[in-house]
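Here is a friendly briefing to read alongside the structure. Have the sequence and the 3D view open as you go.

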Amino acid sequence: MEGSPPRPGCFRPLTLLTTLLCLFQAGAALRAITTPPALAAQVALPLGLEFVAGVLWALLFAYACGALLRRTQRAAPDTILLIGVFIMYSVARLLFFAQADYDRQRLPFAVAAGILILSALFLLARRSGDKNGRK
């Protein structure tokens, strides 16, 4: 056994967050397949791609949530990594597909917020790793 398992308190917030992200992404996939054709023609991101991405993220977050509920040893660090990748994906998606003035104006904020959240996640994962005996 490689150090002690993560503190029990860190599982609850991560479980709640992954559950919410799973539901949100499932909703995004559902929205992608139920968008009326007239509105679909105006959307920059292809709805087929949005559906596939929504389903993939929903499945990944559901798996992470299951691992957190089972309290597997790598569940918390892997979930933190997954959330970090999701943030990078979300910011990149906004960078590539933003067309409206509103979206373009919020790009600097989204990039800055993404960097701050990723930094916090990195520090949290590193701190968790140090407490578990890994340096």
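The points below cover a nonpolar core, a helix, its packing partner and a few residues worth finding on screen.

Please keep in mind that this is a predicted model. The largest nonpolar core has 19 residues, and α1, α3 and α4 each supply at least two of them.

**The nonpolar core**
- Four residues touch the most other members of the largest core: L14, W57, F61 and I83.
- To trace the helices that contribute, look at 11–34 for α1, 47–70 for α3 and 75–97 for α4.
- One good place to start is F61, which is in contact with T18, L21, C22, Q25, L82, I83 and F86 once neighbours within four places in sequence are left aside.

**Helix α3**
- With 24 residues, α3 reaches 34 Å from its first C-alpha to its last, close to the 34 Å expected at 1.5 Å a residue.
- Its buried residues are L47, E50, A53, G54, W57, A58, F61, A64, C65, G66, A67 and L68.
- A helix has 3.6 residues a turn, so residues three or four places apart point the same way in an α-helix.
- After α3 comes R71, which has a positive phi, near 55 degrees.

**How α3 meets α4**
- The two helices, α3 and α4, pack with their axes 9 Å apart and at an angle of about 165 degrees.
- Angles over 145 degrees count as roughly antiparallel, and therefore α3 and α4 are described that way.
- On the α3 side, the contact is made by L49, E50, A53, W57, L60, F61, A64, A67 and L68.
- On the α4 side, the contributors are A75, A76, T79, L82, I83, V85, F86, Y89, R93 and F97.
- The crossing of α3 past α4 is left-handed.

**Two buried residues to look up**
- L68 is part of helix α3, and T79 is part of helix α4.
- Buried means under 20% relative accessible area, so L68, at 2% relative accessibility, counts as buried.
- T79 also counts as buried because its relative accessibility is 2%.
- Not counting residues up to four places away in sequence, L68 touches F11, L14, T15, T18, A75, A76 and T79.
- With neighbours within four places in sequence set aside, T79 is in contact with L14, T18, A64 and L68.
- L68 and L14 are 54 residues apart along the chain, and their C-alpha atoms are separated by 7.6 Å.

Key
Residues are numbered from 1 along each chain as its sequence is written. This is a predicted model: local features need pLDDT of at least 70, side-chain atom pairs count only at pLDDT 80 or more; totals for chains, interfaces and linings use all residues. Side-chain values use heavy atoms; hydrogens and water are left out. A nonpolar core is a set of buried Ala, Val, Leu, Ile, Met, Phe, Trp, Tyr and Cys residues joined through side-chain atoms within 4.5 Å. Buried means under 20% relative accessible area, exposed over 50%, partly exposed in between (1.4 Å probe, protein chains only). Helices (H or I, at least four residues) and strands (E, at least two) are DSSP runs, numbered from the N terminus. Contact means heavy atoms within 4.5 Å. The expected span of a helix is 1.5 Å times one less than its number of residues. Axes are lines fitted to C-alpha atoms, for helices over the stretch in contact, and angles run from 0 to 180 degrees between N-to-C directions. Angles under 35 degrees count as roughly parallel, over 145 as roughly antiparallel, 65 to 115 as roughly perpendicular and the rest as oblique. A crossing is left-handed if the near helix is turned anticlockwise from the far one by less than a right angle, and right-handed if clockwise.
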